[in-house]
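Biologist: I am new to this one. Please show it to me, and then let me ask why each label was given.

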Amino acid sequence: MDNFLLLITKPDNVPILAMLFLIPFFIWLAYKQARQTDLTGVPSDAALNDKVYVWPYLCRNEFICAIIIMLILGVWSIMIDAPLEEMSDPAKTPNPSKAPWYFLALQEMLVYFDPWIAGVVLPGLIIVGLIAIPYIDINPKGKGYYTIKERPFALAVFSFGFIVLWIVLMIVGTFLRGPGWNIFMPWEYWDPHKLVPLTNVNLSYLFGIRDDMTANFFGFAVVAGYFALGPIFYFWKLKSSKFLQELGLVRYVIVSSLFLCMMALPIKMILRLAMNVKYVWVSPWFNI
Amino acid sequence: MNEERKGLIDKITNSDIWKSIFRHGYEKTGRRYTLQVLQNVWLHLHPPRISRHALNFRFTWCMGGITFLMFLVTAVTGVLLMFYYRPVAEYAFRDVQALEFDIPFGMLLRNMHRWAAHGMVISVMLHMFRVFLTGSYKKPREFNWAVGVILLLITFFLSFTGYLLPWDQLAYWAVTVGTNMARATPVLGHEGPFAPADIITQSNDVRFALLGGTIVGPSTLLRFYILHCIAVPLVASLLMALHFWRVRKDGGISGPL
């Protein structure tokens with residue numbers, strides 16, 4: 001417990017502590033306004049055509065906001081000193097070695113995927129996926145106001161990615177990952193000699209496949225099936241729907257691929273944590 | 001007394017010098033409010049008038065503005081820190097120590113720089129969250145969302161390159177862990193899949209290009225310093241100008257219309 005107190009009062013962890021309150025607060029604020037819109041309808045045009053002068057009304061708001069933020073920053077800077085440890089020493093590796101706090105969700109992915117996926121491919125896909133959002137979300141509703149009813153899928157996917165896969169993993173990485181990158185609960189002592197037996201096996205092994213070649217094909221079939229079966233099934237089910245006609249095949253394939261890539265992380269986490277699965281697909285060139 | 005003071009103020013604001021600096025008068029009219037924004041280089045990115053709901057803190061969360069404010073704070077404190085810091089492995093850590101113990105308000109300066117940088121990372125993430133929740137990326141703002149995503153990455157990269165500069169254990173190993181990923185880049189990293197083993201080695205892959213060596217060392221420090229103080233802020237400033245300009249050109253802040 002003492003260790004945990006030490007951890008949460010570390011100066012560099014203050015932002016994460018702040019986010020523990022900020023994120024729920026803003027979710028609540030957005031939810032309140034979304035429910036208001038969903039109950040009473042989108043605010044009428046008349047109220048919105050009401051224009052005000054930027055000077056003084058907007059500039060005043062900006063000024064007040066800037067003063068408040070500078071006050072908070074000033075107090076923060078006076079109260080809490082930036083950390084400075086001993087001089088860098090390439091021969092002395094700390095355990096655990098952690099990336100800066102905003103990259104800890106990425107570092108967390110390393111537990112479940114090899115570095116080329118967790119460190120390069122998935123971050124790349126996050127960037128591509130974020131940029132693609134406006135071009136694949138063809139729903140014209142819900143522009144410029146909070147709502148849930150008019151775009152439930154988009155909100156659910158983004159919120160899951162942002163809150164669970166980014167913020168929560170970041171918090172886990174900061175507060176619960178200790179020596180050897182093992183999970184330590186807040187009340188546990190960070191024992192650098194803690195041993196966690198690695199009993200993970202590949203998915204093909206669980207299915208009784210012992211031959212490398214067969215395992216390779218089995219893994220390929222599972223991964224290919226994961227990316228193909230769901231999208232093909234829904235495409236076949238929805239192919240005459242108006243929604244799919246408007247979305248188009250190209251957008252549909254991009255949306256489903258990006259979505260399945262994102263969901264691969266929680267799926268792999270469950271496979272690892274519940275069934276000790278190491279790799280789904282072992283090939284001579286790479287492992288997934 | 002009051003009359004006297006008013007006369008004096010009038011005299012000053014009617015002088016040639018004053019009028020050469022501030023071209024608008026001070027009457028409370030829409031024309032003056034408009035001129036005040038249009039004729040001020042710092043304010044002219046704003047339109048003269050905006051819809052009332054754009055003033056609503058509950059709608060905007062003010063996060064974009066806070067991000068920009070944090071950028072300005074880091075720019076000012078960063079320039080001041082540069083007077084005391086040398087990006088050389090022998091000096092870097094000592095200079096940071098000197099900032100803490102010898103230089104008047106050095107600690108406060110460093111604190112402000114670091115906490116403003118952390119604040120910027122938080123506010124830029126919340127800004128993106130708000131823009132998504134209000135569907136503000138939708139037509140015609142698709143491109144500006146893309147610029148925003150790049151700016152988000154730049155914010156992370158600015159913070160990450162700055163993380164190394166104190167040259168202490170925390171900095172050194174955080175950057176080691178972060179840059180170790182690059183060696184697993186497919187094709188271009190020496191431990192990545194599909195990398196031709198006889199061509200891509202640890203002294204010519206992407207990680208080597210980033211670090212200027214096979215481990216984080218003095219040349220990494222110099223590289224990150226230049227990226228942190230010159231290259232990335234320059235790109236960030238250009239993209240921010242584009243981002244703000246596009247906010248206005250795409251119809252101002254989004255609203256239900």
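Modeller: Start with pairing: two strands pair if DSSP finds at least two bridges between them. Keep in mind that this is a predicted model.

Biologist: What is the bridge partner of A:Val52 in E1(B)?

Modeller: A:Val52 has B:Ile50 as its bridge partner there.

Biologist: How do you know that strand E1 of chain A and E1(B) pair?

Modeller: Count the bridges. Three of them join strand E1 (residues 51–53) of chain A to E1(B). Pairing needs at least two, so the strands pair. They run antiparallel.

Biologist: What else does chain B bring to the contact with chain A?

Modeller: Chain B puts in 78 residues, and chain A puts in 71 residues. On the chain B side, the elements that give two or more residues include strand E1 (49–51), helix H3 (30–38) and helix H7 (106–133). H7(B) supplies the largest share, 16 residues.

Biologist: Which class do the residues on that side of chain B belong to?

Modeller: There are 49 nonpolar, 20 polar and nine charged residues on the side of chain B that touches chain A.

Biologist: Now A:Gly119. Why is A:Gly119 called buried or exposed?

Modeller: Buried takes 20 or more other C-beta atoms within 10 Å. A:Gly119 has 26, so A:Gly119 is buried. Its place is in helix H6 (residues 115–136) of chain A.

Biologist: Which residues is A:Gly119 in contact with, leaving aside its neighbours within four places in sequence?

Modeller: From chain A come A:Leu106 and A:Leu110, and from chain B come B:Met181 and B:Ala184. The C-beta atoms of each such pair must lie within 7 Å, because that is the cut-off for contact.

Biologist: How far apart are A:Gly119 and A:Gln107?

Modeller: In sequence, 12 residues; in space, 7.6 Å from C-alpha to C-alpha.

Biologist: Back to chain B as a whole. How many helices and strands are in chain B?

Modeller: Chain B has 11 helices and one strand. From the N terminus, three α elements come before the β, and α elements follow.

Biologist: What is the radius of gyration of chain B, set against a compact globule?

Modeller: Chain B has 24 Å, whereas a compact globule of 257 residues would have a value near 18 Å. Its C-alpha trace spans about 85 × 50 × 30 Å along the principal axes.

Biologist: How many of the residues in chain B are buried?

Modeller: Of its 257 residues, 44% are buried.

How values were computed
Residues are numbered from 1 along each chain as its sequence is written. Chains are lettered from A and ligands numbered from 1 in the order in which they are written. This is a predicted model: local features need pLDDT of at least 70, side-chain atom pairs count only at pLDDT 80 or more; totals for chains, interfaces and linings use all residues. Helices (H or I, at least four residues) and strands (E, at least two) are DSSP runs, numbered from the N terminus. A residue is buried if 20 or more other C-beta atoms lie within 10 Å of its own, exposed if 12 or fewer, and partly exposed in between; C-beta atoms are placed from the backbone. Two residues are in contact if their C-beta atoms, placed from the backbone, lie within 7 Å. Ala, Val, Leu, Ile, Met, Phe, Trp, Tyr, Cys and Pro count as nonpolar, Asp, Glu, Lys and Arg as charged, and the others, Gly among them, as polar. The radius of gyration is taken over C-alpha atoms; the globule rule is 2.2 Å times the number of residues to the power 0.38.
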